[in-house]
Amino acid sequence: ANATYLRKLVEAAVIENPDIPIALHLDHGADFDICKSCVDGGFTSVMIDASKYPFQENIEITKKVVEYAHAHGVVVEAELGTLAGIEDEVVVKAGHESMSKGFAEDSSYTQPEEVEEFVDKTGVDSLAIAIGTSHGAFKFKPGTKPQLRFDILHEIEKKIPGFPIVL
């Protein structure tokens with residue numbers, strides 16, 4: 001949707017419902033420019049999804065968004081790992097170069113050993129992780145069964161206790 005239309009709809013909602021707290025969040029922002037545009041346009045929260053890039057590049061892109069957004073009082077969510085299957089037209093393949101080998105058979109899962117470094121180096125406010133999915137295109141594919149990796153979730157919780165995790 002066009003950001004201008006969304007802002008105006010939210011402005012109308014604020015005028016009509018002044019007692020209801022309202023947030024305007026960009027989900028799966030593809031790059032710095034999109035996130036910056038939303039921050040400049042009054043969004044209260046943005047998600048930068050640079051998970052398709054190698055780990056260090058994801059950190060660099062995310063950190064740039066965090067620095068800009070925080071300077072404008074906007075919170076940032078980022079993604080580490082990618083939902084298995086198809087997510088927002090991004091096809092995930094095993095062997096994704098940004099993931100280290102070891103913990104998960106499918107390299108699209110978030111690697112617990114990467115989360116602490118990612119959070120520390122980016123300054124992100126919340127972290128979207130990939131532990132499998134049971135929504136979207138996957139949910140409606142005949143013959144599929146959700147495979148949620150709660151073992152990965154528990155390992156991530158140990159690495160960044162109390163940190164906001166988004167699923």
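T122 is buried in this predicted model, and its relative accessible area is 4%. Because the cut-off for burial is under 20% relative accessible area, T122 falls in the buried class at 4%. The residue belongs to helix α4. Its side chain has polar partners in the backbone: a polar atom of the T122 side chain lies 2.7 Å from the backbone oxygen of F118, and a polar atom of that side chain lies 3.3 Å from the backbone nitrogen of V124. Once neighbours within four places in sequence are set aside, the contacts of T122 are I59, T62, K63 and V66.

Helix α4 covers residues 112-122 and lies across strands β3 and β6. Its direction runs at about 150° to that of β3.

**The sheet**

Strands β1, β2, β3, β6 and β7 form an open sheet, in the order β1-β2-β3-β6-β7, with parallel pairing. At the edges are β1 (25-29) and β7, each of which pairs on one side only. Helix α2, residues 32-40, packs on this sheet and touches β1 and β2 (45-48). The direction of α2 makes about 180° with that of β2.

Three of the strand pairs are set out below.

| Strand pair | Sense | Bridges | Residues opposite each other |
|---|---|---|---|
| β1 and β2 | parallel | three | H25 and S45 |
| β3 and β6 | parallel | four | A78 and L127 |
| β6 and β7 | parallel | two | L127 and I165 |

L127 of β6 thus appears in two rows: it stands opposite A78 and also opposite I165 in β7. Strand β3 spans residues 75-80, and β7 spans residues 165-166.

In a regular strand the side chains alternate between the two faces of the sheet. Strand β6 (residues 126-129) has S126 and A128 on one side and L127 and I129 on the other. These four residues are all buried, and both faces of the strand are covered. Strand β2 gives a similar list: S45 and M47 point one way, V46 and I48 point the other way, and all are buried. S45, the bridge partner of H25, is therefore buried, with a relative accessible area under 20%.

**An edge strand residue and a loop residue**

D27 is found in β1, one of the edge strands. Its relative accessibility is 46%, and it counts as partly exposed. The partly exposed class lies between the 20% and 50% limits, so the value of 46% places D27 there. D27 and D49 are 22 residues apart along the chain, and their C-alpha atoms are separated by 8.2 Å.

T133 lies in the loop between β6 and α5 (136-139). Although part of a loop, T133 counts as buried, at 7% relative accessibility. The C-alpha atoms of T133 and P146 are separated by 6.1 Å, with their positions 13 residues apart along the chain.

**Helix α1**

Helix α1 has 14 residues, 3-16. At 1.5 Å a residue it should span 20 Å, and its end C-alpha atoms are 20 Å apart, so the expected and computed values agree. At the start of α1, a side-chain oxygen of N2 comes to within 2.7 Å of the backbone nitrogen of T4.

**The protein as a whole**

The protein has 167 residues, and 38% of them count as buried. It contains six helices and seven strands. Read from the N terminus, the order of elements is α-β-α-β-α-β-β-β-α-β-α-α-β. Of the contacts between residues at least 6 apart in sequence, 57% join residues at least 24 apart. The protein exposes about 9,500 Å², and 55% of this area is supplied by carbon and sulfur atoms.

How values were computed: Residues numbered from 1 in each chain as written. Predicted model: local features only at pLDDT ≥ 70, side-chain atom pairs only at ≥ 80, totals over all residues. Heavy atoms only, no water. Buried < 20%, exposed > 50% of the residue type's maximum accessible area, 1.4 Å probe, protein only. Contact = heavy atoms within 4.5 Å. Areas by Shrake-Rupley, 256 points an atom, 1.4 Å probe, with all protein chains shown as cover. Expected span 1.5 Å × (residues − 1). Polar contact = N/O pair within 3.5 Å; in protein donor to acceptor, adjacent residues only side chain to side chain. Pairing = 2+ DSSP bridges. Axes fitted to C-alpha atoms, helices over the stretch in contact; angles between N-to-C directions.
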